[in-house]
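User: Please take a close look at one helix in this model and at what surrounds it. I would like the geometry and the contacts in one connected account.

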Amino acid sequence: MTTFAYHRSLGPMIGVILALGVIETTVVHLVASVYWGWKVALPLGAIDLAMIVALVALLVSFRRCPVELTDTHLTMRAGRRRTVSIPIDRIAGFRASWSQADVKARDVANLALVAWPNVFIDLTEPVRTGRRVVSGVAHKLDDPVAFRAAIDRAIANQPSTAAPPFAVA
């Protein structure tokens with residue numbers, strides 16, 4: 001099994017959102033306690049604290065849940081938030097370029113979250129991920145060149161499903 005990291009690509013952007021969340025929590029808590037008292041400030045603070053804990057958990061899961069490539073499957077992840085498992089034989093290839101409309105398409109799993117993806121995989125057949133069916137996956141990986149090379153090797157190592165040629169006697 002080969003793993004590919006993405007925490008260095010996605011982590012800083014989620015870290016900025018986390019820092020803004022901490023600042024927002026402090027300001028909202030102070031304003032709410034001054035204007036409406038602790039009965040309003042306490043629930044708002046609890047909601048903001050839950051958001052901060054969720055963002056920290058997402059950041060930690062980026063490192064713990066890398067993209068994994070085995071002989072038969074590619075498992076694309078965005079931390080513990082989303083996972084797309086793709087059989088190698090369903091990978092059609094990589095797109096050379098893509099637009100915002102391509103990334104936001106309903107049948108594309110955008111695992112880059114808040115970043116612009118640096119890999120975009122098209123599938124020969126759609127795969128089901130929970131309630132959605134996707135025919136493409138976009139992600140922002142730390143080393144897209146090594147990822148593409150590994151996928152190309154995995155596709156080349158797949159056994160051929162074509163029928164053997166008939167022998168004429």
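Analyst: What follows describes helix α1, then its partner helix and the two sheets.

This is a predicted model, in which local features need pLDDT of at least 70 and side-chain atom pairs count only at pLDDT 80 or more, while totals for chains, interfaces and linings use all residues. Residues are numbered from 1 along each chain as its sequence is written, and side-chain values use heavy atoms, with hydrogens and water left out.

Helices (H or I, at least four residues) and strands (E, at least two) are DSSP runs, numbered from the N terminus. Helix α1 covers residues 7-35, which is 29 residues. The expected span of a helix is 1.5 Å times one less than its number of residues, so α1 should span 42 Å; its end C-alpha atoms are 40 Å apart, which agrees. Just after α1, Gly37 has a positive phi of about 90°.

The buried residues of α1 (under 20% relative accessible area with a 1.4 Å probe, protein chains only; exposed is over 50%, partly exposed in between) include Ile14, Leu18, Gly21 and Thr25. An α-helix has 3.6 residues a turn, so residues three or four places apart point the same way. Among the elements that cover the buried residues of α1, by contact (heavy atoms within 4.5 Å), are α2 (38-64) and β8 (132-139).

The axes of α1 and α2 come within 9 Å and cross at roughly 170°; axes are lines fitted to C-alpha atoms, for helices over the stretch in contact, and angles run from 0 to 180 degrees between N-to-C directions. That crossing makes α1 roughly antiparallel to α2, a label for angles over 145 degrees. The residues of this contact divide into 18 nonpolar, eight polar and three charged. Here Ala, Val, Leu, Ile, Met, Phe, Trp, Tyr, Cys and Pro count as nonpolar, Asp, Glu, Lys and Arg as charged, and the others, Gly among them, as polar.

Strand β8 belongs to an open sheet of four strands in the order β5-β7-β8-β6, with mixed pairing; two strands pair if DSSP finds at least two bridges between them. The edge strands, each pairing on one side only, are β5 (91-94) and β6 (108-110). Seven bridges join β8 to β7 (residues 119-129), and the two run antiparallel. One residue of β7, Asp122, has Gly136 as its bridge partner in β8.

The other open sheet has the order β1-β2-β3-β4 and antiparallel pairing. Helix α4 (residues 144-156) lies across β1, β2 and β3, and α4 also lies across β5 and β7.

Terms used
Parallel < 35°, antiparallel > 145°, perpendicular 65-115°, else oblique.
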